[in-house]
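Trainee: Could you take me through one spot in this model up close, and then show me how the rest hangs together around it? Pick wherever you like to start.

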Amino acid sequence: MVSITIDGRRVKVREGATILQASRENDIYIPTLCDDPRLEPYGGCRLCLVQIKGMARPVTACTTPVSEGMIVETTNDEIEDLRRTIVELLLSDHPNDCMVCEKAGDCTLQELAYFYNIRKNRFYGERRQYAERDGNPFIERDMEKCILCGKCVRVCSEVQGVSAIEIAYRGFSAKVCPPFEKDLDCEFCGQCVSVCPTGALMGKLSMGKGRQKDIEKVESVCPYCGCGCNITLHVARNEVIRVSSRPDSLNEGWLCVKGRFGFKFNSSPDRLKHPLIKRNGRFEEASWDEALDYVAQRLGEIKDRYGADAIAGLSSARCTNEENYLFQKFMRAAVGTNNVDHCARY
Amino acid sequence: MAMQEGSIVVKVCMGTGGIAAGGAAVVSAFREEFESAGVRASVEKNCSVHNVGCRGFCARDVLVDVIVGGEKTTYEYIKSDMVPRIVEEHILQGRPIEEWVVKEDYHTFHEKQVKVVLSDCGEVDPEDIESYVGRGGYSALEKVLATMTPEETIGLIKDSGLRGRGGAGFPAGLKWEFARKAAGEPKYLICNADEGDPGAFMDRSIIEGNPHSVIEGMVIGAYAIGARKGYVYIRAEYPLAVERLQIALDQARRRRVLGDDIGGRGFDFDIRIKLGAGAFVCGEETALIASIEGNRGMPRAKPPFPAQKGLWGKPTVINNVETLANVPYIVRNGAGWFAQFGTEKSKGTKVFALTGKVKNSGLIEVPLGISLREIIYDIGGGIEGGRRLKAVQTGGPSGGCITNEMIDIAVDYESLAKAGSIVGSGGMVVMDETDCMVNIAKYFLEFTQAESCGKCVPCRIGTKRLLEILQRITDGRGRPGDVELLEKLSNDVRSASLCGLGQTAPNPVLSTLRYFRNEYEAHIHEKRCPAGVCKNLLTYSILEEFCKGCTMCARVCPAGAIVGEKKKPHKIIEEICVKCGACFEICKFKAVKKG
Amino acid sequence: MQETLEKILQTYHESEGNVISLLQEIEESFGYLPEDAINWFSEQLDIPPSRFYGIATFYAQFHLKPRGENIITACCGTACHVKGAEKLINSLMRELQIPSGEDTSEDRKFTVEKVNCVGACSIAPVVIINKEVHGKMTADRLMKEIRKIK
Ligand SMILES: Cc1cc2nc3c(=O)[nH]c(=O)nc-3n(C[C@H](O)[C@H](O)[C@H](O)COP(=O)(O)O)c2cc1C
Ligand code: SF4
Ligand code: SF4
Ligand code: SF4
Ligand code: SF4
Ligand code: SF4
Ligand code: FES
Ligand code: FES
Ligand code: FES
């Protein structure tokens, strides 16, 4: 542990921690755009600039490790002035579309503009403009709103191991894009969408489905597989319009394409809501008791006639471990066969 | 190139400048003449032609030294068709050709210079290691390996006061010491030959003229810090330098001053060349490392510094070409010898690329602390065309300008910094009264803006906005308040940017604002470019009383903006004129007025 | 093409190459970076194509489109700038009828590129025509040189 002083408060922090981590652990707020605690530090947005006593120029809190006796000032007129300039510069190359932007209300850039009360921008000039839309099925990529924080690129490579996107070109022309600027063709895990601080990356399925104020967040568990990722359902007008996941969950906020974008089934009219029994060549609705009795009866008949090994069981990866345990127990003890398998056991 | 008693030696300039002026043809002309004229037989002496590297005065190329019996005559502006006469009259008949011999200014150009790193450039054949060895080359390495510990070597460099010549001026010995003490193996030594400053060519000339001095410096440095592997990161735009370096590396390996078990003393060190691919920002240390690792050249925040965590996360020293090329001479002659040049805090000499509106442009090496006046007037021969000096830009796009009034300033790290500029890598561009300072600032911003890597916001968007403001000022669309905005944004970009590129990009703006604010204001408030450079603020007109009606202007005007009958005064139609200035240049009677 | 690619791959393995040196070899062999070539290497080396693309667009040396038969490189470094490089470039573009915003003539005979200092400042302004350095260039001489190869 080392002791440092942040804004006049003496605190003890773990060696090797960054100033930003130390501040967060002590509830001292520093604005950031390119930092994500789950990703490698980047130091690109420069919003987290802080002043260290004895250093000629401000340094970024997200990249600078603490050292014994360090005296940090996270805010003063000079620093706020620099931060303000940075936000204004960002807005001078931004569509400022909040009125129709899907991200409004949940956008870090918008929030910064609000806190710095930027009504009139001192800077103006050329703005990046990209006419082409990405035709992929899941992710709306509006690169005019991209602030080049690089989080999507880092998450795709560091977490997902896919590297489907990269920053291309340089300077003012820099742009996050798939190779050769083709349509995105990847796993569509949507990790990138989840870390994007602006409306540059949005799920296509959620577009136009409701503003932030309409959304009720419901905590749930992903129904697709046994990993049991925690998910947050964004519900508007009794419809799930988006799925996200909290970074403090056991899956650290990461999901796969099914969990993140496969939520449409939830409101599908084709969805099974009752057991069905095939009678006279057609499926007919039945009660649970009816259905279970029917299954038990048929299993008994088959076992009697052909022996237990004529029966096999295949369970689903969407069941929990406990359910799977019970299922194999049932097959072995009740049915009396070892013919039991699981779809994820390849 | 062992020189035989009484032999005849011809040395032909074969740097990029010499080659561009036809050096290769001159060399083969000499060879042919020697063959066919049977010179050897008739003078009964050994004749040889040698390629030598740049001697810094490429404007006079092809420069040729003819050395007969130890007597050296230097010719300038030599073309291959002049060679037969030189051979006939000078070599065979012993009568040098006076009118082709270099003039007085060739000597004054060299007189005030003090050559340390360049002392062998233009003397040795860069493609022949023996020629370097013949002048004491690799004796420093031998001395270090045989008699000095790494710590003693570092101590020697510290004592000499050698500071980095790549820009920041960080003490070289100290940097070596950090890396030596840093934990982690293996360690690396990188020679930074990216030389991105547009208008500077010190490093190119050193590598082209004497690559072995850089290699020797690197091997000594590697021994000092404990590196086994080194890289030279060099611009692909320098093909000749790359080729010569490759030849030199091969020769050095064969001579066992490089590679395994150097000099039989159990020290291993090898060097690889890495070609840059065209990005100025890769001169910045962390970007350079990213580039060697095969990535986009985007800088990262320091700390950790490369000396702690550099290439592949290992302790790494990055030194500039000139820094390293100084090392063998310091070891050979001693720290005290080196420290006698220069000032209290800026020791030794520095190579500058003196260019722009100066009479003798070229590569010069001077002791630090020399006055700018001596450089411009004594070495440079003053301003071209007898015009008035306006300013000197030092440090390239990261630097600033020194005005005519400050001409007596001492050229060293501290004095230039105080004046708002830097020594930088050594670019020195001379500007006269026909240069517009707002335009110059815009030029540099155009450069840095185009070279920004785009990682951080202040540089990516900030330099763009700065450039746009300068653009509108020079276009005549400047608005009240623009100067203040420019100043504010410049300061913010400087403080907030991630790497040296963004941190120094506003310097040319800030320094021209400091010394030439009135020029900015004239552009904005009076819509006038005092130097007559900014196109949109110019009008061309024909002075009736001077115009003879020769029609020359009407003929060259690409826009067809000039009307008038033959032998009668012409007239320029302002609406059509595209302000190319062709008429202004062509008129023999000075009848076209610019303003 | 395949043969050239294999050869480049071999050099890559022999000389501890990286993505940049690989792209340099491809550029050297083809004069630009064909998309197929990049995809092939990406597969062979299991390096995501996005990395190639990111690097190829970062460094000025690389081109994604084929270039002209003749490459004319005009220096725009400081020394050349103050000695009138801009004028030279304008007259070049006019002479070769290269539309603004483009760098290659329509018939793909000429590419005009700008470079920041080739290190021959004392003979500024400098123009490199097909790798040959020409110093102290004037518009007239430049036009003469161009017409020679036109
Ligand atoms: C944008 C930028 C470009 C640079 N370009 C060069 C260069 O071309 N050559 C060089 O030697 N140093 C360059 N430097 C400085 C290097 O980062 C580094 O400080 C230097 O190579 C260290 O060597 P030295 O201590 O021997 O000077 C550059 C720095 C920045 C920020
Ligand atoms: S991304 Fe944010 S700041 Fe930009 S338009 Fe959308 S809500 Fe507004
Ligand atoms: S959806 Fe997943 S795989 Fe696709 S770009 Fe985003 S992070 Fe990468
Ligand atoms: S798309 Fe979003 S996450 Fe990616 S760089 Fe742009 S702003 Fe950052
Ligand atoms: S200052 Fe410019 S060059 Fe340096 S990291 Fe930032 S954007 Fe890149
Ligand atoms: S400046 Fe150019 S366009 Fe204008 S009149 Fe003269 S020649 Fe014609
Ligand atoms: S959060 Fe530190 S630079 Fe972006
Ligand atoms: S090459 Fe001849 S003096 Fe430079
Ligand atoms: S500026 Fe053109 S060669 Fe250096």
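Mentor: Let's start with A:Ala104, which sits in the loop between H2 and H3 of chain A. Keep in mind as we go that this is a predicted model. A:Ala104 has a relative accessible area of 14%, and because the cut-off for buried is under 20%, A:Ala104 counts as buried. What does A:Ala104 touch, once its neighbours within four places in sequence are left aside? The contacts are A:Cys98, A:Gln110, A:Arg211 and A:Gln212. Another residue to find on screen is A:Gly199: it is 95 residues from A:Ala104 in sequence, yet the two C-alpha atoms are 7.7 Å apart in space.

Those two residues also turn up together around ligand 2. The shell there is made of A:His94, A:Asp97, A:Cys98, A:Cys101, A:Ala104, A:Cys107, A:Leu109, A:Gln110, A:Lys145, A:Thr198 and A:Gly199. Sorted by character, that shell gives five nonpolar, four polar and two charged residues. Notice that A:Cys98 and A:Gln110 belong to the shell and are also contacts of A:Ala104.

Stay in that loop for a moment and look at A:Asn96. It is found between helix H2 (77-92) and helix H3 (108-115) of chain A, and its phi is positive, near 45 degrees, although the residue is not a glycine. Most residues other than glycine have a negative phi. A:Asn96 is partly exposed, with a relative accessible area of 43%. A second case in chain A is A:Arg237, a residue other than glycine with a positive phi near 50 degrees. A:Arg237 lies in the loop between strand E11 (230-236) and strand E12 (239-244), and at 65% relative accessibility it counts as exposed.

Now over to chain B, where another Gly199 is worth a look. B:Gly199 lies in the loop between strand E5 (187-193) and helix H10 (202-209), and it is buried, with a relative accessible area of 1%. Its contacts, neighbours within four places in sequence aside, are B:Ala353, B:Thr355, B:Gly427, C:Thr78, C:Ala79, C:Cys117 and C:Cys121. So this loop residue touches chain C as well as chain B. If you want a long stretch of sequence to bridge by eye, B:Gly199 and B:Leu510 are 311 residues apart along the chain and 20 Å apart in space, C-alpha to C-alpha.

Go back along the chain to the loop between helix H9 (172-181) and E5, and you'll find B:Pro186. The peptide bond joining B:Glu185 and B:Pro186 is cis, with omega about -10 degrees. Most peptide bonds are trans.

Elsewhere in chain B, helix H4 (residues 83-92) has buried residues at B:Val83, B:Ile86, B:Val87, B:Glu89, B:His90 and B:Ile91. After H4(B) comes B:Gly94, with a positive phi near 75 degrees. B:Val423 is in the loop between helix H17 (413-418) and strand E14 (427-432), and at 2% relative accessibility it counts as buried. It touches B:Lys350, B:Phe352, B:Gly395, B:Asp412, B:Tyr413 and B:Leu416, not counting residues up to four places away in sequence.

Chain B also lines ligand 6. The residues around it are B:Tyr540, B:Cys557, B:Ile562, B:Ile572, B:Cys577, B:Val578, B:Lys579, B:Cys580, B:Gly581, B:Ala582 and B:Cys583. That shell divides into nine nonpolar, one polar and one charged.

Last stop, chain C, whose residues C:Thr78, C:Ala79, C:Cys117 and C:Cys121 we met as contacts of B:Gly199. Chain C has seven helices and four strands, running α-α-α-α-β-α-α-β-β-β-α along the sequence. Its C-alpha atoms fill a box of roughly 50 × 30 × 25 Å along the principal axes, and 56% of its 150 residues are buried. Of its contacts between residues at least 6 apart in sequence, 64% join residues at least 24 apart. Chain C exposes about 7200 Å², with carbon and sulfur atoms supplying 45% of that. It carries 17 positive and 22 negative side chains, and the centres of the two sets lie 14 Å apart. There's a cis peptide bond here too, from C:Ala124 to C:Pro125, with omega near -10 degrees. C:Pro125 sits in the loop between strand E2 (110-115) and strand E3 (127-129).

Technical notes. Residues are numbered from 1 along each chain as its sequence is written. Chains are lettered from A and ligands numbered from 1 in the order in which they are written. This is a predicted model: local features need pLDDT of at least 70, side-chain atom pairs count only at pLDDT 80 or more; totals for chains, interfaces and linings use all residues. Side-chain values use heavy atoms; hydrogens and water are left out. A residue is near a molecule or strand if one of its heavy atoms lies within 4 Å of it. Ala, Val, Leu, Ile, Met, Phe, Trp, Tyr, Cys and Pro count as nonpolar, Asp, Glu, Lys and Arg as charged, and the others, Gly among them, as polar. Helices (H or I, at least four residues) and strands (E, at least two) are DSSP runs, numbered from the N terminus. Buried means under 20% relative accessible area, exposed over 50%, partly exposed in between (1.4 Å probe, protein chains only). Contact means heavy atoms within 4.5 Å. Accessible areas come from the Shrake-Rupley method with a 1.4 Å probe; for residues, only the protein chains shown count as cover. Lys and Arg count as positive and Asp and Glu as negative; His and the chain ends are not counted. The place of a charge is taken as NZ of Lys, CZ of Arg, CG of Asp or CD of Glu.
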